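These are my notebook entries on a two-chain model, written while I went through the contact between the chains and then the parts of each chain.

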Amino acid sequence: MKIKTIITEKNSSIPNIKELLQFKDLFMLLAYRDFKVRYAQTFLGFFWALIQPLMSILILIVVFGEIANVKTEVAFPVYVASGMAMWSYFSYVLSQSGSSLIASQQMLKKIYFPRLIIPLSKSIVGFIDFFIAFAILIGLFIYYQVDVSSNIVYVPLILFFSILASLGVGIWFSALTIRFRDFQHVLPFVVQVGLYATPIAYPGQKVIDSLPEWLSYLYFINPMAGIIEVFRWSIFGSAVDPLYVSISASVALILFITSLFYFRKMEYIIADLI
Amino acid sequence: MKQTAISIQNVSKRYKIGVKRSSSFRETLGNAWKKNAEQVSNEFWALKDVSFDVAEGEIVGIMGKNGAGKSTILKILSKITPLTKGRIEIDGRVASLLEVGTGFHAELTGMQNIFLNGTILGMTRKEIKNKLDQIIDFAGISQFINTPVKHYSSGMYVRLAFSVAAHLEPEILIVDEVLAVGDIEFQKKCLGKMQEVSQNSGRTILFVSHNLASLKSLCQRGVVLSRGQKVYDGEIVDAIDHYVGLSKSSTEENKVSVREAHVGTMELEVTKIDIGTRNGTVSVGEEVDFRFEYIIHDKNFNFNGCHWGVQVHDDDNNLIFSHGNQFIDVSFNHDQFVEGKYFKFSIRNFPFKPGQYWLSYNVVDQNRYMDSMDSALGFEVHSGLPFNYQKEFKSGISAVDATWEVI
């Protein structure tokens, strides 16, 4: 059976999932490439993946735990590490996928494949960061003798939503950056501000308690806010407000789906714009 | 009658030039206010109403000068860029090779790059695994296959990259000027491989090249494009004649073509370039001069210190040489810029091998182009006797001014 291709000036606006599946080998190989070259030629190599989250956790403990004296229901280091595990995944995938089209423009000008493969493939390598932060977290669980909640069975579902959130925002950024280079500068800014606008080193409940209601809603439009809260609920059973978590989860889902449509719209003209 | 593999129907492609391609957010916001105000965008039709069919198993060469639309049509067929008008039907799996080694990563080993590049070109991992030994053999780099490609010589790199491409098995193969890289020996091997495959499996090939010899040996049919339009379609030998004729006629006219607009601030505009030689044609070793005729648009402009520059490219768009009056410490003052006078650039002894060449020029004030044009004039150079040669200069890129003696 021969493949028939018809090219006209009309382009479908529906994301082509079937075509994406045909390119799953490319998806895996691009992820493998990123994995292989991430720490290539660095002296400390893989240790960088350990040093970065460790230092961030340490600083947050000092600033928020010691200086600002934030109180949490479990030992503060456990609290921060659990937030960082999710955040480091999100921030890595977001910054990588957000800049991915610009970074591979040479390739985009020379060959066709579903362009979505490029930002999507970044979601895999981010798991290095997640697992390392998670390993630190397990260490702290043992050291502080924190009990593991039975809700831990929900972790895969929560991870799924954090993939949606990181890719949703990342794909939006990658397509917007092609259209408006301004977003190249917005991206690192979002990651930086997000570190403080997400309940990583303080409880989300504190935000709900101390801010007016409308501001709390605004706060939980940040998809990672609710996801990190519910992640803590799943691993050590901290209290969580279902309303706010569902706001975050819906935002993650909506961002992901709309990103696919916007990306589709930009996909055809990428080579003419870069 | 064979089945049609590719049917290109009235395809046009418009680029917007003059506007920044990737605009800033502020501009878009700004433009939203004056939506109906004048559209400043310049349109440029890279392809205009091009139609032709390619039958299954046919090998078609596409020819044309730089900017004729060859690459654009390949990019549309490869789905890299969308068409503006028209319709294309393609029957069969397509692989396009607009560059060798797309996606190669310097830190990865040869083996890893084979898989990466292969999947980018549309092969599955399984297909690559099956052909892995053949690919490595063909490239002839088996002992370095587990070395990162950053340590490869450029020759090895190209051989590996091309080897992956040569083992693609699509029904339709689209090839841009990729054979221009790599050594001659390997080029021949690749051409052989491509020919062999197309004869055995009836593969359809669309092939763009400036290399007339390889077009002649590989293709049966040629399509000639000029300024975005199809101007000839027929037997490869006739198509090549037509293409060469196109270049010749532009030499005979010896005029600045209006193909591409002048670029510059236009205080002065070159209106004509004449080639001057002893007998009308340019030969190796001959004295050649280029006379620039111009008009002055801004009578009040002070032309003191303005200078002239030329670049000559060969037909593969390699820069052969550039020259300017500043190179040899010649300067022109304001009084010498008078309409009706010429600026003349002379080469005493044209040393480069016979072939097609393109002259670009620029007239510069400080660091600002007043007028410039790429490939403004094409000229053909015939064989001849350069310097003190007694025999015709045949092999190599350039003749040299040399002596032999006993000392």
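Which residues of H2(A) are buried? I looked this up first and found Leu26(A), Phe27(A), Leu29(A), Leu30(A) and Arg33(A), where buried means that 20 or more other C-beta atoms, placed from the backbone, lie within 10 Å of the residue's own. What covers these residues includes helix H7 (117-143) of chain A together with H3 of chain B.

Before going on I noted the conventions. The model is predicted, and local features need pLDDT of at least 70, side-chain atom pairs count only at pLDDT 80 or more, while totals for chains, interfaces and linings use all residues. Residues are numbered from 1 along each chain as its sequence is written, and chains are lettered from A and ligands numbered from 1 in the order in which they are written. Helices (H or I, at least four residues) and strands (E, at least two) are DSSP runs, numbered from the N terminus.

**Entry: the contact between the chains**

I counted 33 residues from chain A and 40 residues from chain B in the contact, with two residues taken to be in contact if their C-beta atoms, placed from the backbone, lie within 7 Å. On the side of chain A that touches chain B, strand S1 (4-8), H2, helix H8 (155-179) and helix H14 (270-273) each supply at least two residues, and the largest share, six residues, comes from H2(A). That side divides into 18 nonpolar, three polar and twelve charged residues; here Ala, Val, Leu, Ile, Met, Phe, Trp, Tyr, Cys and Pro count as nonpolar, Asp, Glu, Lys and Arg as charged, and the others, Gly among them, as polar.

I then followed H2(A) across to its partner. Helix H2 (residues 24-37) of chain A packs against helix H3 (residues 110-120) of chain B at an angle of about 140 degrees, with the axes 9 Å apart; axes are lines fitted to C-alpha atoms, for helices over the stretch in contact, and angles run from 0 to 180 degrees between N-to-C directions. H2(A) brings Asp25(A), Leu26(A), Leu29(A), Arg33(A) and Lys36(A) to this contact, and H3(B) brings Gln112(B), Phe115(B), Leu116(B), Thr119(B) and Ile120(B). By class, I recorded five nonpolar, two polar and three charged residues there.

I also checked the length of H2(A): its 14 residues should span 20 Å at 1.5 Å a residue, and the end C-alpha atoms are 20 Å apart, which agrees. The expected span is 1.5 Å times one less than the number of residues.

The chains are joined by strand pairing as well, since S1(A) and strand S4 (residues 85-91) of chain B pair in the antiparallel sense over five bridges, strands being paired if DSSP finds at least two bridges between them. Within S4(B), I found Ile90(B) as the bridge partner of Thr5(A).

**Entry: helices of chain A**

The axes of H8(A) and helix H13 (residues 242-267) of chain A come within 8 Å and cross at roughly 35 degrees. Among the residues that meet are Phe161(A) and Trp172(A) in H8(A) and Phe256(A) and Tyr262(A) in H13(A). The classes for this contact are 18 nonpolar, two polar and one charged.

For helix H4 (residues 76-98) of chain A, I noted 23 residues and a reach of 32 Å from first C-alpha to last, close to the 33 Å expected. Of those 23 residues 22 are buried, so H4(A) is largely enclosed by the rest of the structure.

**Entry: strands of chain B**

Chain B has eight helices and 17 strands, and 36% of its 407 residues count as buried.

I traced an open sheet of three strands in the order S10-S12-S15 (chain B), with antiparallel pairing. Strand S10 (268-276) and strand S15 (343-347) stand at its edges with a single partner strand each, so one side of each is left without a neighbour in the sheet. The twist averages 20 degrees from one strand to the next. S10(B) pairs with strand S12 (residues 288-296) of chain B over eight bridges, and Glu269(B) has Ile295(B) as its bridge partner in S12(B).

A second open sheet, of five strands, has the order S11-S17-S16-S13-S14 (chain B) with mixed pairing, and its edge strands are S11 (282-283) and S14 (319-324).

Last, I looked at the hairpin of S8(B) and S9(B), which has two residues between the strands and in which Arg227(B) takes a positive phi near 45 degrees.

How values were computed: Buried ≥ 20, exposed ≤ 12 C-beta atoms within 10 Å, placed from the backbone.
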